[in-house]
Amino acid sequence: MRCLIVQPVHADGLDLLRQAGVEPVLCPKPDTETVARMIVGCDAAITRDAGLSGAAIEASDCLRVIVVHGAGHDAVDKDAASRKGVLVCNTPGANARSVSELALALALAAARRISAADRSERAGLHGLRERETFSELSGKTALIIGFGATGAGLAHMLKAALNMRVLVYSPRISDLQGFERAGSLGAGLSRADLVSLHTPLRPETRHLIGEEALSVVKHGAILVNTARAGLVDEAALAAAIEVGRISAAGLDVYSDDAPRGPLAASDRVIFTPHLGGATEEALRRVAVGSARNVLTALSGERPATALNNPAEIAA
């Protein structure tokens, strides 16, 4: 049996596949044309943020399972997979600690203008400390939007390290682990000094942080997004930063053009290249978890994190 590795994964995951008799097939590029060519003869595929297009899935001849290396699965065409009889699953939670830590780092960096200060010092400029304002997070209020493993992890960090009051807006989650539920998104935004996004991208969450939400956010709040770029209306965010309604933003996910667009004009925006789950520890956990999901599916069992039911389509 063979497993297409659409994008590089940790060697421990590849070793686990080999030990079980599954040959990893390394894809040289993650574009649709290359993947469609390489997927022929593969029983499984592991993909990261490149996902897997409908065209690539249709090109497969013996594909049985697609495993997403991580939690986000919107880039995989699950409808095409279901029609083809291919199971899709993800690997949530394995990189949660790393994403939570990055969200905390971005919040602190935004509050203290660390990125702008570094650039200023490297350029030999002076006066940033006098021109800018800086803030503490300790004792203030945070709004966590989405309370899966990463959101919950950050909530506990903020409480333990900074004694922040944590509000949660997550309508689908019943257990908030002792934290306070925001009655509505607007109610939470109006009280929060820090807003951190951890919810999946769905039709109803696209541009969740847009003009309407930003019109009620507490003046001077910090925004952090380590979830999905589509959650934020970037034009609306740029306008909110320009007038000071949002004092700073830390973005680990954003549109391709954002670092050269209106958001880039402000030194109060920090861009990081999707570093959330990129620690060595997280990469190993996710790769091993992905490989285990492949082996589970190829053995005829249904992984616990399955996202579709191709058997129902076939019936």
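R268 is partly exposed, with 22% relative accessible area. This arginine belongs to a predicted model. A search of the whole structure turns up 14 salt bridges and zero disulfides. Three of the salt bridges and one pair of cysteines are set out below.

**The R268 pair and its network**
- R268 forms a salt bridge with E132, the side chains meeting at 2.6 Å, N to O.
- R268 sits in the loop between β11 (246–251) and β12 (269–271), while E132 sits in the loop between α7 (128–131) and β6 (141–145), so this pair ties together parts that are 136 residues apart in sequence.
- E132 is buried, at 12% relative accessible area.
- R268 and E132 also belong to a network with R113, joined by salt bridges that share partners.

**A pair between two strands**
- R165 and E180 bring their side chains together in a salt bridge of 2.9 Å, N to O.
- R165 lies in strand β7 (residues 165–169) and E180 in strand β8 (residues 180–181).
- The two residues are 15 residues apart, and the pair links distant parts of the chain.
- R165 is partly exposed, with a relative accessible area of 45%.
- E180 is partly exposed too, at 29% relative accessibility.

**A pair within one helix**
- R18 and D15 form a salt bridge through their side chains, at 3.2 Å, N to O.
- Both residues belong to helix α1 (residues 11–19).
- They are three residues apart, which is about one turn of the helix.
- R18 has a relative accessible area of 45% and counts as partly exposed.
- D15 is partly exposed as well, with 33% relative accessibility.

**Cysteines without a bond**
- Why do C42 and C62 not form a bond? Their sulfur atoms are 6.9 Å apart, too far for one.
- A disulfide needs the two sulfur atoms within 2.5 Å, so this pair does not qualify.
- For C42, the closest cysteine sulfur is the one in C62.
- Seen from the other side, C62 is in no disulfide, and its nearest cysteine sulfur is that of C42.
- Is C42 buried or exposed? C42 is buried, at 0% relative accessibility.
- C62 is partly exposed, with a relative accessible area of 27%.

Notes
Residues are numbered from 1 along each chain as its sequence is written. This is a predicted model: local features need pLDDT of at least 70, side-chain atom pairs count only at pLDDT 80 or more; totals for chains, interfaces and linings use all residues. Side-chain values use heavy atoms; hydrogens and water are left out. A salt bridge is a side-chain nitrogen of Lys or Arg within 4 Å of a carboxyl oxygen of Asp or Glu. Helices (H or I, at least four residues) and strands (E, at least two) are DSSP runs, numbered from the N terminus. Buried means under 20% relative accessible area, exposed over 50%, partly exposed in between (1.4 Å probe, protein chains only).
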